[in-house]
Amino acid sequence: MNWIERCARIDALVLDVDGVLTDGSIVYTDAGVELKAFHVRDGSGLKLWELEGKRTAIITGRQSPIVERRAKELGISHVVQGAADKHAALGTLLAAWSLPAERVAAIGDDIVDVPVLRTCGLAIAVADACAEAMQEADYVTQAPGGRGAVREAIELILRAQGRWQAIVARCRSAAPVARPDS
């Protein structure tokens, strides 16, 4: 089965955080506060994904209040942090969703994501992923992690499903919003 056929079956998206939703940098302030930067187009892509009735989950090996905050902003209710075994976390998630793995796309960047990539129906690695993740991928994004790779993957899937043009048409027909500087 080619990647376009794989895209057509996808109803859910499972994301890693560091290196996928972020560029992989972990920054600490002198006060010990952790900082992460998220790309706005990844966020808007996830909102569009949700508006299409699709599901999203985060499975990450680290623990961070920033991830909870970003997930809440994006309406992602399935968040598994501190996952020592991402594959087991995926199994639990699939059972909760009553969804077969072949209906799920996974986006990863590192070797710990390989079991999830191998299990899901569509494996996506970000452009700056490690070689092992790229070898498992059905698709490698042009954008690196934290720089629009998630949006690129969402757009790819929705285009393959014939949904993207309707989204674009809805956005074009929306009433213009006055800009503060106009």
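Which residue stands opposite Leu122 in E7? In this predicted model, the residue opposite Leu122 is Ala105. That pairing is a handy place to enter the fold, and the strands around it can be taken in turn.

Strand E6, residues 104–108, is joined to E7 by four bridges, and the two strands run parallel. Between them the chain passes through helix H5, residues 114–119, in a right-handed β-α-β crossover. Strand E7 itself spans residues 122–125 and is covered on both faces. Leu122 and Ile124 are buried on one side, while Ala123 and Ala125 are buried on the other. This arrangement can be read against a general pattern: in a regular strand, side chains alternate between the two faces of the sheet. On from E7, strand E8 (residues 139–140) pairs with E7 in the parallel sense over two bridges, and here Ile124 stands opposite Tyr139. Helix H6, residues 131–136, completes a right-handed β-α-β unit with E7 and E8.

Stepping back to the whole sheet, six strands form an open sheet in the order E5-E4-E1-E6-E7-E8, with parallel pairing. Its edges are E5 (78–80) and E8, each of which pairs on one side only. Strand E1, residues 12–15, pairs with E6 in the parallel sense over four bridges, with Leu15 placed opposite Ile107. Strand E1 also pairs with E4, again parallel and over four bridges, and Val14 stands opposite Ala57 there.

Strand E4 deserves a closer look. Four of the five residues in this strand, which covers 55–59, are buried. Three bridges link E4 to E5 in the parallel sense, and Ile58 of E4 faces Val79 of E5 across the pairing. The connection from E4 to E5 runs through helix H3, residues 65–74, and this β-α-β crossover is right-handed as well. Beyond its neighbours within four places in sequence, Ile58 is in contact with Leu15, Val17, Leu21, Val67, Ala71, Ile76, His78, Val79 and Val80.

Ile58 also figures in the largest nonpolar core, which has 56 residues. Together with Leu13, Leu46, Ile107, Val150 and Ile157, Ile58 touches the most other members of that core. Helix H7, residues 149–160, supplies the largest share of the core, with seven residues. Ile107, one of the residues touching the most other core members, is also the partner that stands opposite Leu15 in the pairing of E1 with E6.

Aromatic side chains give a brief result: the count of aromatic pairs comes to zero. A ring does take part in another kind of arrangement, however, since Lys54 lies over the face of Trp49, at 5.5 Å from the ring centre.

One backbone detail rounds off the picture. Most residues other than glycine have a negative phi. Ser98, by contrast, has a positive phi near 50°. Ser98 sits in the loop between helix H4 (86–97) and E6. Is this residue buried or exposed? With a relative accessible area of 64%, Ser98 counts as exposed, because that value is over the 50% cut-off.

Terms used. Residues are numbered from 1 along each chain as its sequence is written. This is a predicted model: local features need pLDDT of at least 70, side-chain atom pairs count only at pLDDT 80 or more; totals for chains, interfaces and linings use all residues. Side-chain values use heavy atoms; hydrogens and water are left out. A nonpolar core is a set of buried Ala, Val, Leu, Ile, Met, Phe, Trp, Tyr and Cys residues joined through side-chain atoms within 4.5 Å. Buried means under 20% relative accessible area, exposed over 50%, partly exposed in between (1.4 Å probe, protein chains only). Contact means heavy atoms within 4.5 Å. Two strands pair if DSSP finds at least two bridges between them. A crossover is right-handed if, with the strands pointing away from the viewer, the path from the first strand over the helix to the second runs clockwise. Rings of Phe, Tyr and Trp (its six-membered ring) pair if their centres lie within 6.5 Å; planes under 30 degrees apart count as stacked, over 60 as edge-to-face and the rest as tilted. A charge sits over a ring if NZ of Lys or CZ of Arg is within 6 Å of the ring centre and within 35 degrees of the ring normal.
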